[in-house]
Amino acid sequence: MTHLKEVVLDLERHSAEEGWDAPPRLYALVESAELRRQEPGLADQLGLSADSDTIAALEQPPLPDSVSIEEALATIAWPEAVTGCALVVERVVLPPEAEEQMPEDEAEALAWLSEHPLREDVRMVVGVLRDGSRHSALRLRKHDKNDEVLTEADLVPALADALAATLEPEIET
């Protein structure tokens, strides 16, 4: 198992333990050796041994509620010490035929979605690294009890692209 896949699955398990209806959570992914070198006290708190060859997920402050996740991610640029990043987010999905019936008014649409019989609550965990590696995990709320989690490199490509853009070096003008 790759380090990224391991981190994504750990984040999904942690989120499952926390329960549903949580706000989005953003994580900086840092190689354990780099974290130990730059922040030994934090590495000790996290229980990372000196010879640990893993990736540590460091939760970041909450994303602003006033903008979409994509807009919030567009404002983020990670320092070089950050190997990658991951995001945990919940969404409601509907089959395409149901989406066509959704009201245009936002308040009406939210009420309509909350009552729709075909709605599915889904938790997505997407992680990307600077080297281009990606991994995702997806869990439907109805599969909480049987612990079924779909994992694949690119389950949510648009979100992975938005996360990868936060890792690109800034171009100074």
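Three short exercises on a predicted model follow, each with a worked solution.

**Exercise 1. The core**

Find which residues touch the most other members of the largest nonpolar core, and which elements give two or more residues to this core.

*Solution.*
- Start with the membership: the largest nonpolar core has 27 residues.
- Those that touch the most other members are L26, L35, L73, W78, L87, L159 and L163.
- Next, map the core onto the fold. Two or more residues each come from β1 (25-31), β2 (55-59), α4 (69-73), β3 (84-93), β4 (120-129) and α7 (157-165).
- Now take L163 and set aside its neighbours within four places in sequence. L163 is then in contact with L26, L73, C85, L87, V126 and V128.
- Last, look outside this core. Another core, of 13 residues, lies apart from it, with V7, Y27, A86 and L129 among its members.

**Exercise 2. The pocket**

Describe the largest pocket by volume, lining and residue class.

*Solution.*
- The volume of the largest pocket is about 670 Å³.
- Its lining consists of 24 residues. A22, P24, V89, E90 and R91 lie nearest the centre.
- Sort the lining by class: 14 residues are nonpolar, 2 polar and 8 charged.
- Then assign elements. At least two lining residues come from each of β3, α6 (106-115) and β4.

**Exercise 3. An unusual backbone angle**

Locate D21, give its phi, and decide: is D21 buried or exposed?

*Solution.*
- D21 sits in the loop between α1 (3-18) and β1.
- Its phi is positive, about 65°, although D21 is not a glycine.
- Check accessibility: the relative value for D21 is 62%. Exposed means over 50%, so D21 counts as exposed.

Conventions:
Residues are numbered from 1 along each chain as its sequence is written. This is a predicted model: local features need pLDDT of at least 70, side-chain atom pairs count only at pLDDT 80 or more; totals for chains, interfaces and linings use all residues. Side-chain values use heavy atoms; hydrogens and water are left out. A nonpolar core is a set of buried Ala, Val, Leu, Ile, Met, Phe, Trp, Tyr and Cys residues joined through side-chain atoms within 4.5 Å. Buried means under 20% relative accessible area, exposed over 50%, partly exposed in between (1.4 Å probe, protein chains only). Helices (H or I, at least four residues) and strands (E, at least two) are DSSP runs, numbered from the N terminus. Contact means heavy atoms within 4.5 Å. On a 1 Å grid over the protein atoms alone, a cavity is a set of points where a 1.4 Å probe fits but cannot get out, and a pocket is an open set with protein on both sides within 12 Å along at least five of seven lines; lining residues have an atom within 4 Å of a point. Grid points are joined across faces, edges and corners, and a volume is the space filled by probe spheres set on the points. Ala, Val, Leu, Ile, Met, Phe, Trp, Tyr, Cys and Pro count as nonpolar, Asp, Glu, Lys and Arg as charged, and the others, Gly among them, as polar.
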